[in-house]
Each structure stands twice: as structure tokens, then as C-alpha cells.
Amino acid sequence: MQGKLIVVSGPSGAGKDTLIKAALAEIPSLALVASATTRPPRPGEVDGRDHVFLSREEFERWIREGKLLEWAEYSGNLYGTPKESVERLLAEGRNVILRIELQGARAIKKKRPDAVMIFVRAPSLEETRRRLESRATETRESLESRMATAVKEVAAREEFDYEVVNGDREQASETMIELLRKIVEGEDEDAG
């Protein structure tokens, strides 16, 4: 039986990684496909687990060779979804979760209308800014670029099947896990 494709998107600083990590620990049928990116790894990130870290030249070669299901430029870096990994896991009956930005989420929905779309956001743009600043990984220009993008992304949240507001991490994790369980067990047939 073919697995389900689940797309999780939302602004930087929304806590997507934290919520996905909690869900992966609780729902064995979920598999996360690490996106490819040209941005440098953040402290503690592992190549192949958190992202597939590529040079711009390597990424552009992957585009030309059709190795990406979707790709986009975000805050000066390229991001994309490795097609072979997604297709293999779905064929194995695994439920694939993708963590991608809005442009990529829209591209996936066009190619795969059956994809279930989940939008994750912080309770406010002020909280988004606070979280990004607390990372201490952003330059002033990068922070302002991510904030401008966040405003546009939050405006597009109605394009998604579900929304999770991540104000309290524990509560948001419970909400995400419950939602994903319903999706993988086939109880979301009225979504969309």
C-alpha cells in the first residue's frame, strides 16, 4: 500500500523541526526526507539527517538532472526535495513527511494534489522575530529577509489543510502528533 505524503511548512522560527521530531518519535510509520540545501549547516546539524548540504554547483546539477521533486530559493539559499528518497519511501508504504517552505509546498501540491498540507506558525510575528534572534545564527540582513518572508507565508496559511499554532511547545507537539496519527490512519478524508 502506498504511503501518504505530508507537507509541513511555515515561517522560519515556527518550530517545525521540534514538532516533527516529536511526531517521528511517536509515530513509527512516519519517515522524514531531509531537504537538500546550499545553506551552511547550523551547529549540531548532521548532513543527510537534518539536510543534505550541497554546494550551489551540486544543487544546480541536481536541478538539471531532475533529482528534485521541487526546489526554491529562500533567503539567498537553494532548498529542494530529493525525488528518489520520497518515491522510494512512499512505494515501501511509509508515510513521508516533508519540511519545506511555502513556494516548495505549493509546487508539491500542484504535482501531488493528494499531499496533506500542514502549516505551522508561532502565535505572533513578534514571537517569530524573538525566536529567530535567539538562534543567534542570522545576520541582520538575513533576519529581516526571513521576517519579510514570514509575513507573506502567514498570509498564505489558508492554502493548507491544517494549521498548528506553536505557542506552547508541549501542547503544539501533542496537537501535531494527534493530527498526524489521524492522517496516517486515514481519518482525514474530509481535509482540503
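This passage describes the sheet of a predicted model and two of the helices packed around it. In this predicted model, local features require pLDDT of at least 70 and side-chain atom pairs pLDDT 80 or more, whereas totals for chains, interfaces and linings use all residues. Residues are numbered from 1 along each chain as its sequence is written, and side-chain values use heavy atoms, with hydrogens and water left out.

Five strands are arranged in an open, parallel sheet in the order S2-S7-S1-S8-S9, where strands are DSSP runs of E with at least two residues and helices are runs of H or I with at least four, and where pairing requires at least two DSSP bridges. Because S2 and S9 each have a single partner strand, one side of each is left without a neighbour in the sheet. The twist averages 25° from one strand to the next. S1 and S8 run parallel and are joined by four bridges; Val8 has Ile118 of S8 as its bridge partner.

Helix H1 (residues 16–26) has as its buried residues (under 20% relative accessible area, 1.4 Å probe, protein chains only) Lys16, Leu19, Ile20 and Ala23. These cover an arc of only 95° around the axis (taken from the directions to the C-beta atoms), which puts them on the same side of H1. The face turned away from that side carries Lys21 and Ala25, which are exposed (over 50%). The buried residues of H1 pack against S1, S2, S7, S8, S9 and helix H7 (169–184), contact meaning heavy atoms within 4.5 Å.

In helix H4 (residues 102–111), Leu102, Gly104, Ala105 and Ile108 are buried. Seen down the axis, they fall within an arc of 160°, so they line one face of H4.

Technical notes: Axes are lines fitted to C-alpha atoms, for helices over the stretch in contact, and angles run from 0 to 180 degrees between N-to-C directions.
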